[in-house]
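Biologist: Please take me through one helix in detail, with whatever packs around it. Keep it brisk, and give cut-offs as you go.

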Amino acid sequence: MKAWVLVLVAMLLPLTTTASASEPEGFEGLDRETLQQMVRHSVVKFPIEDGVTIDEAIESMQLRANLRNFQEVADLPLSEQVTAMGGEGNYMRILAFCDALIANQMVKHDIIFASFLPCRIAVVEDDDGQGWIVTTNMDMMLYATDLPEDLEVIAREVRDTIYSIVEAGRTGDF
């Protein structure tokens, strides 16, 4: 009898280990729906206005970033890569902007800010042909972090700059 119990325990042990291994560490007490809401609230998305092409939106964002002294540090044309790999998909391009001096200050304060760098703005097209601009919800990030007053002022300026870049793209203005 003891042998059967040991066999049963040995068979069930991997199942319980697998089940607990799939739960994300550090999220005890948070259900999947709550986590999904957290992810949804961590980004903001804006439709590109009618009459503004995706190319015009991108050019407007690049010009606005330049006017606001934010360097474009990356341009990832993902839909081109998908096509080059033999796939099909809608337009998808990630632009990244940064002020290295500000980034340095934020990371010195708290290394977690490195995960937000550089500031990414995605330009995507949905299945209906609508262009979208998607970026980090910087208001949520500011609200959820404890920054000293001098860095909070700088972080708000970064937020305003990124949202200004997004607005330029959304409207086609620069």
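Modeller: Contact here means heavy atoms within 4.5 Å. This is a predicted model, where local features need pLDDT of at least 70, side-chain atom pairs count only at pLDDT 80 or more, and totals for chains, interfaces and linings use all residues. Residues are numbered from 1 along each chain as its sequence is written, and side-chain values use heavy atoms, with hydrogens and water left out.

Take the setting before the helix. The chain has seven helices and five strands (DSSP runs numbered from the N terminus: H or I of at least four residues, E of at least two). Read from the N terminus, the order is α-α-β-α-β-α-β-α-β-β-α-α. Of the 174 residues, 29% are buried (under 20% relative accessible area; exposed is over 50%, partly exposed in between; 1.4 Å probe, protein chains only). Among contacts with a separation of 6 or more, 70% join residues 24 or more positions apart.

Now the helix itself, H3. It covers residues 54–67, which makes 14 residues. From first C-alpha to last, H3 reaches 20 Å, close to the 20 Å expected at 1.5 Å a residue (1.5 Å times one less than the number of residues).

Which residues of H3 are buried? They are Ile54, Ala57, Ile58, Ser60, Met61, Arg64 and Ala65. Seen down the axis, these buried residues fall within an arc of 160 degrees (taken from the directions from the axis to the C-beta atoms), so they line one face of H3. An α-helix has 3.6 residues a turn, so residues three or four places apart point the same way. The face of H3 turned away from the buried side carries exposed Asp55, Asn66 and Leu67. Just after H3, Asn69 takes a positive phi of about 60 degrees.

What covers the buried residues of H3? The cover includes strands S3 (92–98), S4 (119–125) and S5 (131–136), together with helix H7 (149–171). Met61 shows this residue by residue. Leaving aside neighbours within four places in sequence, Met61 is in contact with Leu95, Phe97, Ile121, Val123, Ile133, Ile165, Val166 and Gly169.

Met61 also belongs to the largest nonpolar core (buried Ala, Val, Leu, Ile, Met, Phe, Trp, Tyr and Cys joined through side-chain atoms within 4.5 Å). This core has 30 residues. Met61, Phe97, Ile121, Ile162 and Ile165 have the most contacts inside it. The elements giving two or more residues to the core are H3, S3, H5 (100–109), S4, H6 (138–144) and H7. H7 gives the most, with eight residues. In soluble globular proteins, nonpolar side chains tend to be buried together.

H7 also holds Thr161. At 6% relative accessibility, Thr161 counts as buried. Not counting residues up to four places away in sequence, Thr161 touches Arg68 and Phe70.

H5 is another contributor to the core. Its buried residues are Ile102, Ala103 and Met106. They cover an arc of only 100 degrees around the axis, which puts them on the same side of H5. Ala100, Leu101 and Lys108 are exposed on the other side of H5. The buried residues of H5 pack against S3 and H7.

Back to H3, then: one buried face, with S3, S4, S5 and H7 among what covers its buried residues.
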